[in-house]
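These are my notebook entries from a first look through this structure. I went from one topic to the next and wrote down what I looked up.

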Amino acid sequence: MATLEINALSFAYAGREDYTLENINTVIDTTGFTLICGATGSGKTTLVRLLKRQLAPWGSLKGDILLDGKSIKALSGRETVSRIGYVGQNADAQLVCDRVWHELAFTLEGLGENPDLIRRRCGEVSGFFGIEDLFERQTDTLSGGEKQSVCLGAALTTAPEFLILDEPISQLDPVAAAEFGERLKRINGELGIGIILCEHRLEGLVDICDRLIVLDRGKILWQGAPHQLEELPYPCPVEDNLPSAMRLYRRLGLTGVPPLNTAHGKRCFSGFKALCDENKREYGGKAVLESRGLYFGYNKDKIVLKDMNLKLYKGEHFALMGGNGSGKSTLLYLLAGAYKPLMGRIKTEGKITLLPQNPESLFSQDTVAQEAENSSLIEDFGLDASKNPLDLSGGQQQILGFIKAVEKNSDILLLDEPTKALDGGLKEKLAQIIRELNERGVTVLTVSHDSEFCASCASRCGLLFNGSIVAVDDARSFFKDNICYTTAVNKMLRGNAITVAEAVENISEEDV
């Protein structure tokens, strides 16, 4: 049984005196499913990149990482490639080939394996993940969930002993995220490959892992098994990222082992009643963006959007949800004028700014301070003004992109997955800024898979399906009536509350 042993590991990025990681000590074996969590910027990505020598950042390193007792610095390039697989935050950045089967074969070809083994491994992983129908597809035509599946399959073709994943479900819809989690569970349980997973989005993951490591400002705050979570300090830096059942349990002051998932929470809170405001909210006023009868496709054979109709009002926050590949991002690019529709028209009033899903392409300066002029927002969000934007964590880059978008002083903001890789505290700050923008008359359209963020922050929500928006309602009514695209709290307290904050505020003392 292979083991990864991290001994007294400390790391500082090149040119910096402060340590991103300090005195990390832990042991992980191939039988384990380890979940690493922590606030944005706590060092999660730095830690897992150090485990994969080819991806290790440049800087000052103390301590050592041992694979079966041997320092990874002493391993050959072939060993580190084949024994430790890696799937990063951004599937688009990881895909290097034009077709799926080329991508699956790429690493084995680079290692010089014989064609028979390559064909066999490609067939095996395709069957294991059920992606045979994607085998001949162009990689740039895949949805977000399909791209993640291909990246996962490509990482497994070398039969690694450990598989490292950095925020792999941050861009997946709730259904695809649950399916991805089950795939990881199968890889660990059926193939005996050790899973090391970094995530902010812990819903549906805590109950399938067997060990958690909580990082706080570069140090291990706590590590243990899920059944030991009652020992986790309250509150802690990941409090707002814990599964909703756990957060509600802890917020209500209950003791003992907290429920780990929605099903456990439903049993735990079965007798609780949250008497919330049931008044339906109506929104209207001056329309600042309206699309009518939009049709769009990337080629003649696949129409992504059809008869798309949408109306946004001045000063509102509209959240749009839907499955991966349903056309949400495509719609934002159409509304921003980056794409032209095949049919239909778009009417807008005022200046529009689009924040893309992956903001790295927006950065061209050497420091955060040079990228964004608003020093108060940089400070509020806890960004280091002296850092290079490309040295920031994924969540910090997301925030920097948001600050740059706000500085455009636009009338309409289009945000594509703005909460991706953010911890709960940063999400709340982001929500507060959006509320302030709404009060000033700025209209915000958010595309997101983050149900709780949309439920707590948006005024109206819509569901995109089969190329059109099939449902629009005020946020509370929207989530209250849904069964899949809804919050975990609504699933547990069916209709009585839709967010943890609402449930805590309205559950009676007698229930507690």
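Entry 1, a sheet. In this predicted model I looked up an open sheet of 3 strands, and I noted its order as S12-S11-S14, with antiparallel pairing. The edge strands, each pairing on one side only, are strand S12 (302–313) and strand S14 (343–348). From one strand to the next, the twist averages 20°. I then turned to the pairing of strand S11 (residues 287–299) with S12, and found that the two run antiparallel and are joined by 8 bridges. To have one pair to look for in the structure, I picked Ser 291, whose bridge partner in S12 is Leu 310.

Entry 2, the nonpolar cores. Which residues touch the most other members of the largest nonpolar core? That core has 51 residues, and I wrote down Leu 152, Leu 163, Leu 165 and Ile 187 as the answer. Several helices and strands supply at least two residues each, among them helix H5 (115–129), helix H6 (144–156), strand S7 (162–166) and helix H7 (174–191). The largest share, 6 residues, comes from H6. I followed Ile 187 further and, leaving aside residues up to four places away in sequence, found that Ile 187 touches Phe 128, Phe 129, Leu 152, Leu 156, Leu 163, Gly 192, Ile 193 and Ile 195. There is also a second, separate core of 28 residues, which includes Val 368, Leu 383, Leu 400 and Leu 413.

Entry 3, a pair of helices. I noted beforehand that two packed helices are described by the angle between their axes and the distance between the axes. For helix H13 (residues 394–406) and helix H14 (residues 424–439), the angle is about 10° and the axes are 12 Å apart. Because angles under 35 degrees count as roughly parallel, I recorded H13 as roughly parallel to H14. Where they meet, Ile 399, Phe 402 and Val 406 in H13 face a group in H14 made up of Leu 426, Leu 430, Ile 433, Ile 434 and Leu 437. By class, the contact of H13 with H14 has 8 nonpolar residues, no polar and no charged ones.

Entry 4, a loop residue. Is Ser 364 buried or exposed? Ser 364 lies in the loop between strand S15 (352–355) and helix H11 (368–371), and I entered Ser 364 as exposed because its relative accessible area is 60%, where exposed means over 50%. Finally, I looked up Ser 364 together with Asn 388: the two are 24 residues apart along the chain, and their C-alpha atoms are separated by 9.7 Å.

Technical notes:
Residues numbered from 1 in each chain as written. Predicted model: local features only at pLDDT ≥ 70, side-chain atom pairs only at ≥ 80, totals over all residues. Heavy atoms only, no water. Pairing = 2+ DSSP bridges. Axes fitted to C-alpha atoms, helices over the stretch in contact; angles between N-to-C directions. Core = buried A, V, L, I, M, F, W, Y, C linked by side-chain atoms within 4.5 Å. Buried < 20%, exposed > 50% of the residue type's maximum accessible area, 1.4 Å probe, protein only. Contact = heavy atoms within 4.5 Å. Parallel < 35°, antiparallel > 145°, perpendicular 65-115°, else oblique. Nonpolar A, V, L, I, M, F, W, Y, C, P; charged D, E, K, R; others polar.
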